[in-house]
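Trainee: Could you walk me through this structure and let me quiz you as we go?
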Amino acid sequence: IRVEPNTIGAGNRFVREAKWGLMPAGFYRTIEESAIRTLSQGLYGWRVTDCVVYLTLVAYERPLTVAAHFRHLTSILVLRALQE
């Protein structure tokens, strides 16, 4: 996950740079939804606006990995990227 500024007033955006098809399609949607939801709370409870979240790499191990793992990990990674 990488977070970069977007044009002022353009809102938040999610971009998938990671290769498609490495895991079930629903997992990609889970990651996107979790990233956008995390931006609505930000680091200190304030909404983060006008940024782009890039999904750069994914790893999936069947059957050990479930969508909930990606949901929780995405939030952690987005917050870490915002801190940097």
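Mentor: Sure. First, a term we'll need: a residue counts as buried when its relative accessible area is under 20%, and as exposed when that area is over 50%. Also keep in mind that this is a predicted model.

Trainee: Okay, let's use that term. Which residues of β3 are buried on one side and which on the other?
Mentor: β3 covers residues 51-55, and five of its five residues are buried, so the strand is largely enclosed by the rest of the structure. Both of its faces are covered. On one side you have Cys51, Val53 and Leu55, and on the other Val52 and Tyr54.

Trainee: What is the order of the strands in the sheet?
Mentor: Strands of a sheet pair through backbone hydrogen bonds, either parallel or antiparallel. Here the sheet is open, has three strands and shows mixed pairing. The edge strands are β1 (2-5) and β2 (13-16), each pairing on one side only. That fits the order β1-β3-β2.

Trainee: In which sense do β1 and β3 pair, parallel or antiparallel?
Mentor: Look at who faces whom: Arg2 stands opposite Tyr54 in β3, while Pro5 stands opposite Cys51. So as you go up in number on β1, the partners in β3 go down. The two strands share four bridges, and the sense is antiparallel.

Trainee: And β2 with β3, parallel or antiparallel?
Mentor: Try the same trick. Arg13 stands opposite Val52, and the bridge partner of Val15 in β3 is Tyr54. There are four bridges here too, and the sense is parallel.

Trainee: By how many degrees are neighbouring strands of this sheet turned against each other on average?
Mentor: For this one, direction is ignored, so the mixed pairing doesn't get in the way. The average turn is 25 degrees.

Trainee: Which hand does the β-α-β unit have, left or right?
Mentor: The pieces are β2, helix α1 (residues 25-39) and β3. The two strands of the unit pair in the parallel sense. The unit they make with the helix is left-handed.

Trainee: How far apart are the end C-alpha atoms of α1?
Mentor: Take its 15 residues at 1.5 Å a residue, and the helix should span 21 Å. The model agrees with that, as the end C-alpha atoms are 22 Å apart.

Trainee: What covers the buried residues of α1?
Mentor: The buried ones are Phe27, Tyr28, Thr30, Ile31, Ser34, Ala35, Thr38 and Leu39. They cover an arc of only 165 degrees around the axis, which puts them on the same side of α1. What covers them includes β2, β3 and α2.

Trainee: Now α2. Which of its residues are buried?
Mentor: This helix spans residues 67-83 and reaches 25 Å from its first C-alpha to its last, close to the 24 Å expected. On an α-helix there are 3.6 residues a turn, so residues three or four places apart point the same way. The buried set covers an arc of only 65 degrees around the axis, which puts these residues on the same side of α2. They are Ala67, Phe70, Thr74, Val78 and Ala81.

Trainee: Which residues are exposed on the other side of α2?
Mentor: The buried residues have cover that includes β1, α1 and β3. Over on the other side, the exposed ones are His72 and Gln83.

Trainee: Which residues does Thr74 contact, leaving aside neighbours within four places in sequence?
Mentor: Thr74 sits in α2 and is buried, with a relative accessible area of 4%. Its C-alpha is 9.8 Å from that of Ile36, 38 residues apart along the chain. The contacts are Ile1, Ile31, Ser34 and Ala35.

Trainee: Last one: what is phi of Asp50?
Mentor: Most residues other than glycine have a negative phi. Asp50 lies in the loop between α1 and β3, and at a relative accessible area of 17% it is buried. Its phi is positive, near 55 degrees.

Definitions and conventions: Residues are numbered from 1 along each chain as its sequence is written. This is a predicted model: local features need pLDDT of at least 70, side-chain atom pairs count only at pLDDT 80 or more; totals for chains, interfaces and linings use all residues. Side-chain values use heavy atoms; hydrogens and water are left out. Two strands pair if DSSP finds at least two bridges between them. Axes are lines fitted to C-alpha atoms, for helices over the stretch in contact, and angles run from 0 to 180 degrees between N-to-C directions. A crossover is right-handed if, with the strands pointing away from the viewer, the path from the first strand over the helix to the second runs clockwise. The expected span of a helix is 1.5 Å times one less than its number of residues. Buried means under 20% relative accessible area, exposed over 50%, partly exposed in between (1.4 Å probe, protein chains only). The arc is that of the directions from the helix axis to the C-beta atoms. Contact means heavy atoms within 4.5 Å.
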